[in-house]
Amino acid sequence: MEAVAATRDMSQTQSKDEDEGSDGDYESLPPHVSVATHMTAGAVAGILEHTVMYPVDSVKTRMQSLQPDPNAQYKGVYEALKRIIRTEGIFRPLRGLNITMLGAGPAHALYFACYERAKRSLSDVIQNGGNSHIANGIAGSVATVLHDAVMNPAEVIKQRMQMYNSPYRGLWDCVQTVTRTEGMGAFYRSYSTQLTMNIPFQAVHFITYELMQEQLNPHRHYHPGSHILSGAAAGAVSAAITTPLDVCKTLLNTQENVALSSMNISGHLSGMANAFRTVYRLGGLPAFFKGVQARVIYQMPSTAIAWSVYEFFKYFLTKQHLESEAGSGAM
């Protein structure tokens, strides 16, 4: 997601001629970009990241079901999408997209703004302003706490609407029913698990991305190709590693009735430890990797899209701002 990195950390001592010579078609950005720019770019990137690959996310949620309905047992992502569209309608894989878009905008605005600010501050302390993998990992983890606080309720609603035979008529019906039957706490029942998953996810993600960037784009110019590749690789690695936690999160979010009933669990399942125990009892170790293929397929293009869009908008908005300032100065 740090794609299209428009010369974020480039040394200020380099001349403009050197920049143009090393990165022909692209212009460099100053390293200090406004918080408003980060937030605007982050919001757009977040919405696109979650919407473009949303049908695959719907498949992933269903494939993580511990005791799926016979009509919702799938061999692979493509086969699942074909069958869902054929039997439930062309728009069924998009169910829950509205709440995802509502949550993704503000969540990613906070996420990117916090990441950039924390990364710069920590890099100044740890590496005297240079690139620090420790700073990248810590900054990504801190940003995740804010992101998940906004996104967790949206995730609960989204996943309940994605499940096969979901009983909810729509977004508002889901919100009302969950609030009435389970209380407001239901929207944050998986928050600790989400954080436990996303903090290592983002730490691995950012460290992998920065390592790739050091190899593919050492001067940190605005270079779409290198950021797309780096984002995709970072998304794939972090998604695969954290799949077991994602399976537990899905169980806590959906409160899968058939699975819980088979374990004689009355009421609602809560807590990461209980989720881990339940997943293991129902399917053993393989259950922790249910939906891993769909998760990786979803995450690779999603993170590549998010970084590309984020850095493009940051580049574009900052370029516009600098041109505006230059015009004002000339007058």
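**Reading a predicted model, feature by feature**

Analyst: Let's begin with one residue: Gln255 counts as buried, because its relative accessibility is 4% and the limit for buried is under 20%. Keep in mind that this is a predicted model.

User: Thanks! Where is Gln255 found?

Analyst: Gln255 sits in the loop between H10 and helix H11 (257–262).

User: What can I read from the backbone, and what is the phi of Gln255?

Analyst: As a general idea, most residues other than glycine have a negative phi. Gln255 is not a glycine, yet its phi is positive, at about 50 degrees. Asn165 is another case: its phi is near 55 degrees, a positive value in a residue other than glycine.

User: Where is the place of Asn165, and is Asn165 buried or exposed?

Analyst: Asn165 belongs to the loop between H6 and helix H7 (171–182). With a relative accessible area of 58%, Asn165 is exposed, whereas Gln255 is buried.

User: Let's turn to empty space. What volume does the largest pocket have, and which residues are closest to its centre?

Analyst: The general idea is to roll a probe the size of a water molecule over the atoms, which shows where empty space is left. Here the largest pocket has a volume of about 480 Å³. It is lined by 23 residues, and those closest to its centre are Met163, Thr254, Gln255, Glu256 and Asn257. So we meet Gln255 again, a residue that counts as buried at 4% relative accessibility. H11 provides the largest share of the pocket lining, three residues.

User: And how many cavities of 30 Å³ or more does the structure hold?

Analyst: There are two of them. The largest cavity has a volume of about 330 Å³. Of the 22 residues lining the largest cavity, His50, Glu155, Asn198, Tyr298 and Gln299 are the closest to its centre. Several helices give two or more residues to that lining, among them helix H2 (35–52), helix H3 (54–63), helix H10 (243–254) and helix H13 (292–330).

User: How do I read aromatic pairs, and how many does the structure hold?

Analyst: In general, a pair of aromatic rings is described by the distance of the centres and the angle of the planes. This structure holds ten aromatic pairs. Take Tyr111 and Phe206: their ring centres are 6.0 Å apart and their planes meet at 25 degrees, so the pair is stacked. The cut-off behind that step is that planes under 30 degrees apart count as stacked.

User: Why does this pair tie together parts that are 95 residues apart in sequence?

Analyst: Because Tyr111 lies in helix H5 (residues 97–127) and Phe206 in helix H8 (residues 191–216). Both partners count as buried: Tyr111 at 1% relative accessibility and Phe206 at 0%. The two rings also belong to a cluster, in which ring pairs link them with Phe112, Tyr115, Tyr209 and Trp307.

User: Last one: which residues form the nonpolar patch on the surface?

Analyst: The patch consists of Val125, Ile126, Ile134, Ile138 and Val142, with about 440 Å² of accessible area together. H5 and helix H6 (133–162) are the elements that give two or more residues to the patch, and H6 gives the most, with three. Val125 is a good residue to look at: it lies in helix H5 and, at 66% relative accessibility, counts as exposed. Helix H5 therefore carries both the exposed Val125 and the buried Tyr111.

Note on methods:
Residues are numbered from 1 along each chain as its sequence is written. This is a predicted model: local features need pLDDT of at least 70, side-chain atom pairs count only at pLDDT 80 or more; totals for chains, interfaces and linings use all residues. Side-chain values use heavy atoms; hydrogens and water are left out. Rings of Phe, Tyr and Trp (its six-membered ring) pair if their centres lie within 6.5 Å; planes under 30 degrees apart count as stacked, over 60 as edge-to-face and the rest as tilted. Helices (H or I, at least four residues) and strands (E, at least two) are DSSP runs, numbered from the N terminus. Buried means under 20% relative accessible area, exposed over 50%, partly exposed in between (1.4 Å probe, protein chains only). Patches are made of residues with over 30% relative accessible area and no salt bridge: like charges are joined within 9 Å, nonpolar side chains (Val, Leu, Ile, Met, Phe, Trp, Tyr) within 5 Å. Accessible areas come from the Shrake-Rupley method with a 1.4 Å probe; for residues, only the protein chains shown count as cover. A salt bridge is a side-chain nitrogen of Lys or Arg within 4 Å of a carboxyl oxygen of Asp or Glu. On a 1 Å grid over the protein atoms alone, a cavity is a set of points where a 1.4 Å probe fits but cannot get out, and a pocket is an open set with protein on both sides within 12 Å along at least five of seven lines; lining residues have an atom within 4 Å of a point. Grid points are joined across faces, edges and corners, and a volume is the space filled by probe spheres set on the points.
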